[in-house]
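Colleague: Before I trust any of the labels, I'd like to hear what stands behind them. Can we go through them one at a time?

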Amino acid sequence: MQEAVVILIVEDEPIILHGMQDALEGGGYTTVLATNGDDALAMLDSRHHDLTGLITDIRIGSGPAGWDVARHARELKPDIAVVYVSGDSAEAWPSEGVPHSVMISKPFAEAQLVTAISNLITGTAA
């Protein structure tokens, strides 16, 4: 039996969060969810050994931003795949994003999300 590939999704907009969850689970991934930076950091601290990937919005309410969440994830698990999604923060990705990550601008097709995380996990990302 194949081990589950678990992705942490961090998004504060419920409609977007559940759309991403549906797309990833449809692609064969197991998902865990956080709706703000503090919850995401707590989830990373408790479950980073189980996680293969992180998909995070940048502006996720008060508290830590997606940039901070991804840096913390990489401190705990240097090889975790990271995909950022944002409606307005893409221009900061080159300076704020972690190396070997992907930025997807909102709005996006759900297939883009699944392809981006899959490519990072399998090592086929450019």
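Modeller: Here is the reasoning behind the labels, term by term. This is a predicted model, in which local features need pLDDT of at least 70, side-chain atom pairs count only at pLDDT 80 or more, and totals for chains, interfaces and linings use all residues. Residues are numbered from 1 along each chain as its sequence is written, and side-chain values use heavy atoms, with hydrogens and water left out.

Colleague: What makes the protein chain as compact as a globular protein of that length?

Modeller: The globule rule is 2.2 Å times the number of residues to the power 0.38, and the radius of gyration is taken over C-alpha atoms. For 126 residues the rule gives 14 Å and the protein chain has 13 Å, which is close, so the label fits.

Colleague: Why is the pair K106 and D57 called a salt bridge?

Modeller: The term asks for a side-chain nitrogen of Lys or Arg within 4 Å of a carboxyl oxygen of Asp or Glu. Here N to O is 3.1 Å, so K106 and D57 qualify. K106 sits in the loop between β5 and α5, D57 in strand β3, 49 residues apart. E11 joins K106 and D57 in a network of salt bridges.

Colleague: And R71 with E96: why are they called partly exposed?

Modeller: Buried means under 20% relative accessible area, exposed over 50%, and partly exposed is in between (1.4 Å probe, protein chains only). R71 has 31% and E96 has 30%, so both are partly exposed. K106 and D57, by contrast, are both buried.

Definitions and conventions. Helix = DSSP H or I, 4+ residues; strand = E, 2+ residues; numbered from the N terminus.
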